[in-house]
Amino acid sequence: MMRSTTTHTANHQLRMPGMPLRRLLPKVATCCSVHVGQQVVYMGNVNGGPRFGSMGVVTEALQHKAVVDMGTSGVWNIPYHFLTLPQAA
């Protein structure tokens, strides 16, 4: 009698010296993927703006930018290309 087993592995690529590990890219926010009350992460680096990696809550989702409450940093109008959606752990 022959048995078959199934093994599930997350790595399908061999790790080779000198090759960087594949990283998941953060999901970029768009006007269609952001909703009022949703949490977002600021990925911009603008002088005088919020800190890189700051999290905030969308208070208004417009066509080209979102109004984001960044807590103690204040409320900011941030273009979508500076925002990402937090990834689930």
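In this predicted model, the protein chain contains six strands and zero helices, so that, read from the N terminus on, its elements follow the pattern β-β-β-β-β-β.

The six strands form an open sheet in the order E1-E6-E2-E3-E4-E5, with antiparallel pairing. Because strand E1 (27-28) and strand E5 (75-79) stand at the edges and each has a single partner strand, one side of each is left without a neighbour in the sheet. Elsewhere in the sheet, strand E3 (residues 55-61) runs antiparallel to E4 and is joined to that strand by four bridges; within this pair, Val 58 has Val 68 of E4 as its bridge partner.

Both of these valines also belong to the largest nonpolar core, a set of 12 residues that further includes Ala 29, Val 34, Val 40, Tyr 42, Ala 66, Met 70, Ile 78, Tyr 80, Leu 83 and Leu 85. At least two residues of this core come from each of strand E2 (39-42), strand E4 (65-69) and strand E6 (83-85). Met 70, itself a member of the core, touches Tyr 42, Pro 50, Ser 54, Met 55, Gly 56, Trp 76 and Ile 78, when residues up to four places away in sequence are not counted.

For the protein chain as a whole, 22% of the 89 residues count as buried, while the exposed area amounts to about 7,500 Å², of which carbon and sulfur atoms supply 56%. Among the contacts between residues at least 6 apart in sequence, 42% join residues that are at least 24 apart.

Methods
Residues are numbered from 1 along each chain as its sequence is written. This is a predicted model: local features need pLDDT of at least 70, side-chain atom pairs count only at pLDDT 80 or more; totals for chains, interfaces and linings use all residues. Side-chain values use heavy atoms; hydrogens and water are left out. A nonpolar core is a set of buried Ala, Val, Leu, Ile, Met, Phe, Trp, Tyr and Cys residues joined through side-chain atoms within 4.5 Å. Buried means under 20% relative accessible area, exposed over 50%, partly exposed in between (1.4 Å probe, protein chains only). Contact means heavy atoms within 4.5 Å. Accessible areas come from the Shrake-Rupley method with a 1.4 Å probe; for residues, only the protein chains shown count as cover. Two strands pair if DSSP finds at least two bridges between them.
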